[in-house]
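Trainee: Could we go through this model together? I would like to see how each label follows from the values behind it.

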Amino acid sequence: MTVYVEDGSGYSFDFPVKEQLDKLVSFVADYVRCPGELEVSVSIVTKGAIHEMNRQFRGVDRPTDVLSFPMMEYDGPEDFEGDAFQGSLTVSPDTGELMLGDIVLCAEVIHEQAEEYGHSELREFSFLVVHSMLHLFGHDHIGEEERTMMEERQRRILDLLQIYR
């Protein structure tokens with residue numbers, strides 16, 4: 001597994017970011033039974049940077065906490081056997097790993113939301129990485145059934161990792 005991290009936020013978390021990312025990416029990949037080693041890129045950015053990306057890629061003119069950019073397509077969440085996944089399968093020429101996609105996190109919003117929700121930055125950061133990883137594995141939360149399924153998976157993963165509010 002390879003997790004590339006680029007931190008342009010200028011913000012300092014009180015936990016080892018790379019270590020936590022490695023732990024979360026690996027755990028979620030195992031949890032969904034991903035059929036291979038993964039490559040994921042993570043960028044930690046400023047509020048201004050994620051605002052611009054949110055406007056550009058989603059048409060939403062405000063900052064957000066996390067953006068997910070999957071490289072793979074799925075017939076359904078975590079469907080590694082379907083035609084969409086098999087047809088979009090991309091392998092890194094450098095590592096031989098599945099190029100799952102990109103995660104963009106906003107350090108400032110993570111800090112703000114941790115304060116707002118009354119829990120640690122580690123918990124907020126971990127929640128957002130798990131949330132984003134599930135998006136990279138084909139989950140979404142547009143419909144009620146999808147939202148419920150994704151929320152249950154997030155909660156279960158965080159509980160198993162013993163990361164609580």
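Mentor: Gladly. Keep in mind that this is a predicted model. Let us begin with the lining of the largest pocket, which by class has seven nonpolar, six polar and seven charged residues.

Trainee: What makes a residue part of the lining of the largest pocket, and which residues lie nearest its centre?

Mentor: A lining residue has an atom within 4 Å of a point of the pocket. For the largest pocket, 20 residues line it, and Arg58, Val66, His131, His135 and His141 lie nearest its centre. Two or more lining residues come from each of β3 (66-70), α4 (107-117) and α5 (121-136). With six residues, α5 gives the most. The volume of this pocket is about 490 Å³.

Trainee: How do you know that His131 counts as polar rather than charged in such a class division?

Mentor: Asp, Glu, Lys and Arg count as charged, and His is in neither that list nor the nonpolar one, so His falls among the polar residues.

Trainee: And what lines the second largest pocket?

Mentor: There are 14 lining residues, of which Arg123, Phe127, Glu151, Gln154 and Arg155 lie nearest the centre. The second largest pocket has a volume of about 200 Å³. Both α5 and α6 (144-160) supply at least two residues of its lining, and the largest share, seven residues, comes from α6. By class, this lining divides into five nonpolar, three polar and six charged residues.

Trainee: Now the helices. Why are α5 and α6 called oblique to each other?

Mentor: Their axes cross at roughly 130 degrees. Roughly perpendicular covers 65 to 115 and roughly antiparallel needs an angle over 145. The value falls between those ranges, so α5 and α6 are oblique to each other. Their axes come within 10 Å, and the crossing is right-handed.

Trainee: Which residues make that contact?

Mentor: From α5 come Arg123, Ser126, Phe127, Val130, His131, Leu134 and His135, and from α6 come Met150, Arg153, Gln154, Ile157 and Leu158. By class, the contact has six nonpolar, four polar and two charged residues. Some names return from the pockets: His131 and His135 are among those nearest the centre of the largest one, while Arg123, Phe127 and Gln154 are among those nearest the centre of the second largest.

Trainee: What makes α1 and α6 oblique?

Mentor: The axes of α1 (residues 17-31) and α6 cross at roughly 120 degrees. The roughly perpendicular range ends at 115, and 120 also stays under the 145 limit for roughly antiparallel, so α1 and α6 are oblique to each other. These axes come within 11 Å, in a right-handed crossing. Here Phe27, Val28 and Tyr31 in α1 meet Arg153, Arg156, Ile157 and Leu160 in α6. This contact has five nonpolar, no polar and two charged residues.

Trainee: And how do you know that α1 is not roughly parallel to α5?

Mentor: Roughly parallel needs an angle under 35 degrees, whereas the axes of α1 and α5 cross at roughly 40 degrees and come within 10 Å. That makes α1 oblique to α5. α1 passes α5 in a right-handed crossing. Val17, Gln20, Leu21, Leu24, Val25 and Val28 in α1 meet Leu122, Phe125, Ser126, Val129, Val130, Met133 and Leu134 in α5.

Trainee: What is that contact made of, by class?

Mentor: Eleven nonpolar, two polar and no charged residues. Gln20 and Ser126 are polar, because neither Gln nor Ser is listed as nonpolar or charged.

Technical notes: Residues numbered from 1 in each chain as written. Predicted model: local features only at pLDDT ≥ 70, side-chain atom pairs only at ≥ 80, totals over all residues. Heavy atoms only, no water. 1 Å grid on protein atoms, 1.4 Å probe; cavity = no way out; pocket = protein on both sides within 12 Å on 5 of 7 lines; lining within 4 Å. Points joined across faces, edges and corners; volume = space filled by probe spheres on them. Helix = DSSP H or I, 4+ residues; strand = E, 2+ residues; numbered from the N terminus. Axes fitted to C-alpha atoms, helices over the stretch in contact; angles between N-to-C directions. Left-handed = near helix turned anticlockwise from the far one by under 90°. Contact = heavy atoms within 4.5 Å.
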